[in-house]
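Dear colleague,

I am passing on the structure below for you to look over, and my notes on it follow directly underneath. Please read them with the coordinates open.

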Amino acid sequence: MKEKIVGLHHVTAIASDPQRNLDFYIGLLGLRLVKRTINFDDPSTYHFYFGDARGMPGTILTFFSWPGARRGRRGVGQIEATAFVISPDSVGYWWNLFKEQHVTAEKTAPRFGEEVIRFTDPDGLLLELIASDSFGKTESWIESSVPAEHSLRGFHSVSAALEGYERTAKLLTESFGYRLVDQSGNRFRFAPPSHAGPGRIVDLICMPDGRPGNIAAGSVHHIAFRARDDAEQLQWREHLVELGYNVTPVIDRTYFHSIYFREPGPGGILFEIATEPPGFTLDEKLDELGMHLRLPPWMESARPEIEKILPPIRVPPKQ
């Protein structure tokens, strides 16, 4: 492949309670709800997209919300942690906020010279804030509950827990164009050589004796990498098929187009390659993102039935 992957597009996880999910990611973490829609494969449930003010690729954490879903088990064959960038000057702010709000959190040993705060969301999803001076350009949401200087600045990285890392590393380096940029113990860090945007880093954690994880509430469902446009995505599909991967046809997700396949590790973490366009302003103005329930055109005729099934929610106001 001539083209190379430049970073993450989004990360999608599973939540059990839509209101609690909104309260945590908007009310506490200060992210913007950039799209309020449904799971296209299960229209009875919400699909929320949280991100920066514009919903830029590399800042988007999304959730399928299945009320009453059982909690997953963390283990190999999963994304262990999703990390956001914060300013080094913001560590104290977040540490104090988590203590005040009784959020389970800990400061771990510095990782590759950067401070790390680990914490969990209400469903047990493992998240990290990593203090770094090198982060991509993002746009803080002016209505955020978090002061702009302390805002989350897009993804820092994702950490994948794998029984063995070599085959996944080969996909990242020989196909995606990533390079091994650092190593510490059983953690191997990969990043593209030149891109400076958010969501550049993928850490592979080799855990040969770890037990397999179970994906449910509090788990990452899949991670999505960025493709510049439809033409580039089709090239990726052709390339991956040639390598022997089972790749889905292109699927229309309204705000981007997607292909899916499983990485070659024993657990087969679900990977996606998503296009950057058309973007979240396709059906809403920038200042109205996330304010209304948006449905794909082919489901619009079923809106009355869908709205009756979905539980009522309230978007938290600026604190």
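The largest cavity encloses about 100 Å³ of space in what is, I should say at once, a predicted model, and a search of the whole structure finds one cavity of 30 Å³ or more. Its lining is made up of 15 residues, with Gly30, Leu31, Gly51, Asp52 and Leu152 lying nearest the centre. By class, the residues of this lining divide into seven polar, five nonpolar and three charged.

Two of the residues nearest the centre of the cavity, Gly30 and Leu31, are also contacts of Tyr25, which, leaving aside its neighbours within four places in sequence, further touches Phe50, Leu61, Phe63, Asp121, Leu125 and Leu127. Tyr25 belongs to the largest nonpolar core, a set of 69 residues in which Tyr25, Leu29 and Trp94 touch the most other members. Helix α1 (residues 18-28) supplies the largest share of this core, namely five residues. Another core lies apart from it and has nine residues, including Ala224, Ala274, Phe280 and Leu289.

As for the strands, β13 (residues 220-227) is mostly covered, seven of its eight residues being buried. With strand β1 (residues 8-15), β13 forms an antiparallel pairing over five bridges, in which Val11 stands opposite Ile223. With strand β16 (residues 270-275), β13 runs parallel and is joined by five bridges; here Ala224, a member of the nine-residue core, has Glu272 as its bridge partner.

With best regards

How values were computed
Residues numbered from 1 in each chain as written. Predicted model: local features only at pLDDT ≥ 70, side-chain atom pairs only at ≥ 80, totals over all residues. Heavy atoms only, no water. 1 Å grid on protein atoms, 1.4 Å probe; cavity = no way out; pocket = protein on both sides within 12 Å on 5 of 7 lines; lining within 4 Å. Points joined across faces, edges and corners; volume = space filled by probe spheres on them. Nonpolar A, V, L, I, M, F, W, Y, C, P; charged D, E, K, R; others polar. Buried < 20%, exposed > 50% of the residue type's maximum accessible area, 1.4 Å probe, protein only. Helix = DSSP H or I, 4+ residues; strand = E, 2+ residues; numbered from the N terminus. Pairing = 2+ DSSP bridges. Core = buried A, V, L, I, M, F, W, Y, C linked by side-chain atoms within 4.5 Å. Contact = heavy atoms within 4.5 Å.
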